[in-house]
Amino acid sequence: MRNGPSKIFLRLQKQGVRLTRARGAIIDLLIKKQTFLSLADLKKGLERKKVRADRTTLYREILFLKQQGMICEIPMGGGKKGYKICEDGHHHHLICIRCNKVEEIALKNTLAPQEKEIARLRGFMVLEHLLEFYGFCEDCQ
Ligand SMILES: [Zn+2]
Ligand SMILES: [Zn+2]
Ligand SMILES: [Zn+2]
């Protein structure tokens, strides 16, 4: 399994990330889902696990894991955001709008040439880009 639990915790260990109870529980919740979880989902999951984490703690943990490159923030419709444990490195997502499955995809053609073109033509320095694909997965077509 590409995102096997042991691999995730190994990655954390390698990065010297301290595992607090809340952090461990959040990662645990995310590992068990191959889809994304919203903040509300995570809050509910933590309550079920009897792990105390207020909103601020949850936000802080999510931000931390994002900065560590452990999780991705996935824009879902209506301003909602989902979180998912992902592979290292630059990638995009295939998001099924029926079953909410999210898969990672690395593009054969990166957008680097376009970013250079944008800088040349528009004088805009691109720092990052977001590109997600929304549609139906194989099972949902
Ligand atoms: Zn991702
Ligand atoms: Zn689907
Ligand atoms: Zn890209």
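Which helix does I62 lie in? Select I62 and colour by secondary structure: the residue lies in helix α4. What you have open is a predicted model, and the tour returns to I62 after a look at the whole chain.

**The whole chain**

Show the chain as a cartoon. There are 5 helices and 5 strands. Reading from the N terminus, the order of elements is α-α-α-α-β-β-β-β-α-β. The C-alpha trace spans about 55 × 40 × 30 Å along its principal axes.

Switch on the surface. The accessible area is about 9,700 Å², and carbon and sulfur atoms hold 54% of that surface. Of the 141 residues, 37% are buried. Colour by charge next: there are 27 positive and 16 negative side chains, and the centres of these two sets are 5 Å apart. Among contacts with a separation of 6 or more, 53% are between residues 24 or more positions apart.

**The largest nonpolar core**

Hide the surface and select I26, L30, L42, L46 and I71. These residues touch the most other members of the largest nonpolar core, which has 23 residues. At least two residues of this core come from each of α1 (5-14), α2 (21-32), α3 (39-48), α4 (55-67) and β2 (81-85). Helix α2 gives the most, with 7 residues. In soluble globular proteins, nonpolar side chains tend to be buried together.

Now return to I62 in helix α4. Is I62 buried or exposed? I62 counts as buried because its relative accessible area is 3%, below the 20% cut-off. Show what surrounds the side chain: beyond neighbours within four places in sequence, I62 contacts I26, L39, L42, I71 and Y83. For a distance label, pick the C-alpha atoms of I62 and I27, which are 9.7 Å apart in space and 35 residues apart in sequence.

From I62, step to I71. Setting aside residues up to four places away in sequence, I71 touches L30, I62, L65, K66, Y83, K84, I85 and C86.

**The hairpin of β1 and β2**

I71 is also a place to pick up strand β1, which covers residues 71-75. Show β1 together with β2: the two strands pair antiparallel over 5 bridges. Select C72 and look across to β2, where its bridge partner is K84. The hairpin has 5 residues between the strands, and in the turn G78 has a positive phi of about 65 degrees.

**The loop between α3 and α4**

Go back along the chain to K50, in the loop between α3 and α4. K50 is a residue other than glycine with a positive phi, near 60 degrees. Is the residue buried or exposed? K50 counts as exposed because its relative accessibility is 69%, and the cut-off is over 50%.

**The hairpin of β3 and β4**

Select residues 92-96, strand β3, along with β4; the strands run antiparallel and 4 bridges join them. Pick I95 and look for V102, which stands opposite in β4. Then show the side chains of β4, residues 102-105. V102 and E104 point to one face and are buried, whereas E103 and I105 point to the other face and are not buried.

Keep I95 and V102 in view and add I74 and M76. These four are among the 5 residues of a second core, separate from the largest one.

Move next into the turn, where 5 residues lie between β3 and β4. N100 sits in this loop. The residue has a positive phi of about 70 degrees although it is not a glycine. N100 is partly exposed, with a relative accessible area of 30%.

C99 is in the loop between β3 and β4 as well. This cysteine is partly exposed, at 38% relative accessible area. Which residues does C99 contact, leaving aside neighbours within four places in sequence? They are C137 and C140. To end the tour, label the C-alpha distance from C99 to F136: the two atoms are separated by 8.2 Å, and the residues are 37 apart along the chain.

Key:
Residues numbered from 1 in each chain as written. Chains lettered and ligands numbered in written order. Predicted model: local features only at pLDDT ≥ 70, side-chain atom pairs only at ≥ 80, totals over all residues. Heavy atoms only, no water. Buried < 20%, exposed > 50% of the residue type's maximum accessible area, 1.4 Å probe, protein only. Pairing = 2+ DSSP bridges. Contact = heavy atoms within 4.5 Å. Areas by Shrake-Rupley, 256 points an atom, 1.4 Å probe, with all protein chains shown as cover. Lys, Arg positive; Asp, Glu negative; His and termini not counted. Charge placed at Lys NZ, Arg CZ, Asp CG, Glu CD. Core = buried A, V, L, I, M, F, W, Y, C linked by side-chain atoms within 4.5 Å.
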